[in-house]
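Me: I'm new to this structure and would like a close look at a single part of it. Could you walk me through the place where the two chains meet, and what lies around it?

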Amino acid sequence: MVGDDSDAQAQEDLSPGEPEEEDQLFTSEAALSTDEARSITSRRGATVVLLLGEVGTGKTTLLAESWELLLNRGVIGRCRFAGSRTALAFEERAYYSRIESGLRAPVTPRTQEQDDGFLHLRMRRPAGDRKELLLADVTGEHFERVREGAQLRQEFDWIDRVDRFLVVLDGQCVATPGEREVAITRTRRLLYALQPSGVVASSARVALGLVKSDALSDEDWTDYGDVEDNLLRDVRSVDPEAPAFRTAARPQDSGPPRGLDDVFEWLCEDDRSSKPPQLQGDVLLQRAIGRFHQ
Amino acid sequence: VSSLRTLALLGLPKTGKSTYLGALWQLVQDTNEPGVVERDVTGDRSHLQFLGEKVALCEEIGRTEVESTEGMLLTLGFDEFGDAEISIPDISGETLRVLVETRHWHPRIESVLTEAESLVIFISADQLRVPFSISMANGVLEEARRTVPASNGDTPGVRSPSGDPVGTSSEESAGTDPDEATVLPEEDDDTIEVQDPTNLTARLKIPKFKVEKASTAAKYVDALENLLASRRAHWPVRVAIVVSAWDTPERSGFRKPGEWLRKRLPSVLSMSTVNGDMMETRVFGVSAQGGPLPEKKADLLPLSVRERAFARDGDGNGVPIFEPLRWALWG
């Protein structure tokens with residue numbers, strides 16, 4: 001870029017030198033640290049989002065493709081882009097899916113533990129107000145350890161601050177004979193990890209997300225209905241209002257991402273009311289019968 | 001602290017600031033243009049004169065001709081509105097590039113922002129780095145293979161997410177240089193290892209992402225976040241977004257700068273419009289030379305800068321080329 005002496009002189013005169021104490025930028029080129037994320041949550045009440053899934057399930061790809069959608073459309077679903085303090089960190093994650101990376105097919109480099117952090121989005125909700133989202137981008141190795149018995153709290157000391165838990169099920173595995181059962185079992189382990197008291201706050205929301213859903217054949221879809229019902233039952237033991245999403249962030253048919261609209265609308269919704277969940281009619285009936293017998 | 005209204009004129013390198021200043025300077029000197037007059041210049045006045053003459057002579061201003069070592073402060077009188085200061089931390093755009101790419105507040109840009117009540121941000125229609133996915137490119141090529149007979153020697157055009165040809169417009173050429181992204185076989189600090197997406201048993205070493213490779217939209221999102229945060233006490237800040245080289249999009253069929261921004265940089269437009277408590281934004285298109293150089297030089301040269309330089313508001317209505325400044329100052 002520096003072409004000749006005058007340019008070199010210009011560069012030298014503008015060289016940043018050693019960063020000074022006050023040289024603080026509002027944005028970050030890397031994912032935000034836990035402390036940086038805390039400063040946002042304390043001031044603006046951001047919504048902290050954790051995608052739960054083992055290595056290679058597609059958590060970072062979902063985040064990167066969401067960023068690409070926002071760049072290309074300015075909106076996801078009814079939620080409009082209002083800014084980001086980590087635009088360049090998103091760019092790093094999205095870069096290897098772009099033609100200028102030189103690759104012939106898109107990849108998402110594996111997230112390393114030392115790169116764990118939070119990506120920030122500011123969204124305008126349909127009602128007109130803004131929502132700050134802090135999307136945890138963490139290595140799936142944490143969830144392998146959870147599967148092996150570690151507590152979520154051991155892996156993430158900020159777990160009680162999470163407002164949205166999206167438990168990810170890898171559709172590619174669901175569609176692959178021999179891997180399907182393992183994938184479902186692993187997802188169920190993550191759901192169990194959410195069940196201990198105090199992990200999921202009463203205001204937090206939980207959802208099940210099938211990613212790479214475009215990998216499923218018609219036959220797979222027929223079977224998946226029951227799988228989803230069973231997993232949802234476990235999810236709803238933690239959040240009775242939990243939805244299930246089916247996404248294809250980077251479809252194999254080269255089409256646009258699918259299913260992200262619903263995910264973002266859910267992320268941007270209000271938290272659950274802190275009141276106890278409304279009980280189903282049959283439970284109320286049982287209680288009424290119990291009182292009658294007393 | 002000046003009692004005059006002050007705005008900061010900013011943009012990344014090669015976004016048309018120097019050509020705009022040259023054209024503005026010619027207008028200021030033009031006695032037939034009553035809308036804007038010179039009051040004072042702090043900085044290298046001869047350089048301003050040089051830029052004005054380059055525009056008057058229909059000559060492109062090269063990057064090495066842009067003086068970066070000194071900022072500039074112009075005091076101008078705007079007919080019916082009053083006097084105001086136009087503060088330029090550097091004409092080259094290096095201070096904003098340094099902010100985004102090397103993550104540093106240059107003292108000069110900090111100083112300008114301390115005084116400025118409003119901002120004029122330049123984006124070049126000619127220098128966009130648009131994110132274009134491999135998947136989409138592969139999809140288009142696959143479709144082309146299916147629909148174009150093999151014997152046909154024509155190369156089917158690849159289209160961008162917005163439907164415009166990629167590689168056929170100078171607007172989008174900045175992001176598609178294949179030489180910049182060669183897969184490297186050797187280990188290097190600047191490479192990253194990934195799984196080969198076309199061969200699951202192999203690993204690839206590819207060049208690492210660098211901030212200068214970021215999309216234009218992401219760079220402006222990052223810059224705006226920092227600029228607005230630095231002016232938090234003065235929200236909402238008026239921000240005029242100037243699409244320079246506006247004759248280029250017009251030749252592609254765009255009539256409204258606002259529409260162009262919506263199609264080319266929708267995230268920047270969205271950010272600008274949904275944060276009403278932080279910023280008030282208007283989009284303008286400016287062609288400071290009046291047409292493409294050197295192609296149209298013979299047609300443009302006989303005309304004065306006042307006659308050929310033109311600007312549009314967001315809806316495509318003709319406005320004086322100093323209107324982005326006037327709006328940013330007085331609304």
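Reply: Here is a tour of the contact between the two chains, followed by the nonpolar cores and the end of chain B.

Please keep in mind as you look that this is a predicted model.

Let's start with who takes part. Chain A brings 54 residues to the contact, and chain B brings 64 residues. Together they bury an area of about 5200 Å², and carbon and sulfur atoms give 60% of that.

There are polar links here too. Between chain A and chain B, 20 residue pairs are in polar contact. The interface also holds 3 salt bridges. One that you can find in the view pairs R130(A) with D277(B), where the closest N and O atoms are 2.7 Å apart.

Which elements of chain A supply at least two residues each to the side that touches chain B? They are the helices α1 (5-13), α3 (59-73) and α4 (87-94), together with the strands β3 (79-83) and β4 (117-124). Sorted by kind, the residues on this side of chain A are 21 nonpolar, 14 polar and 19 charged.

Now for the nonpolar cores. In soluble globular proteins, nonpolar side chains tend to be buried together. In this model the largest nonpolar core has 87 residues. The members that touch the most others are W67(A), L121(A) and L135(A) from chain A, with L119(B), L227(B) and W260(B) from chain B. Helix α6 of chain B, residues 216-230, gives this core its largest share, 8 residues.

L135(A) is a good place to zoom in. Setting aside neighbours within four places in sequence, L135(A) is in contact with V49(A), L63(A), F90(A), G117(A), F118(A), L119(A), L121(A) and L267(A). Another core, of 45 residues, lies apart from the largest one, and its members include A136(A), V174(A), L190(A) and L208(A).

Let's finish with chain B itself. Chain B has 12 helices and 11 strands, and 56% of its 331 residues count as buried. Among contacts in chain B between residues at least 6 apart in sequence, 72% join residues at least 24 apart.

Helix α12 of chain B, residues 323-330, is mostly covered, with 8 of its 8 residues buried. Besides L325(B), W327(B) and W330(B), these buried residues include the charged residues E323(B) and R326(B). Right after α12(B) comes G331(B), whose phi is positive, near 80°.

Methods:
Residues are numbered from 1 along each chain as its sequence is written. Chains are lettered from A and ligands numbered from 1 in the order in which they are written. This is a predicted model: local features need pLDDT of at least 70, side-chain atom pairs count only at pLDDT 80 or more; totals for chains, interfaces and linings use all residues. Side-chain values use heavy atoms; hydrogens and water are left out. Contact means heavy atoms within 4.5 Å. Buried area is the accessible area (1.4 Å probe) that two parts lose on being put together, summed over both. A salt bridge is a side-chain nitrogen of Lys or Arg within 4 Å of a carboxyl oxygen of Asp or Glu. A polar contact is a pair of N or O atoms within 3.5 Å; within protein, one must be able to donate a hydrogen and the other to accept it, and residues adjacent in sequence count only if both atoms are side-chain atoms. Helices (H or I, at least four residues) and strands (E, at least two) are DSSP runs, numbered from the N terminus. A nonpolar core is a set of buried Ala, Val, Leu, Ile, Met, Phe, Trp, Tyr and Cys residues joined through side-chain atoms within 4.5 Å. Buried means under 20% relative accessible area, exposed over 50%, partly exposed in between (1.4 Å probe, protein chains only).
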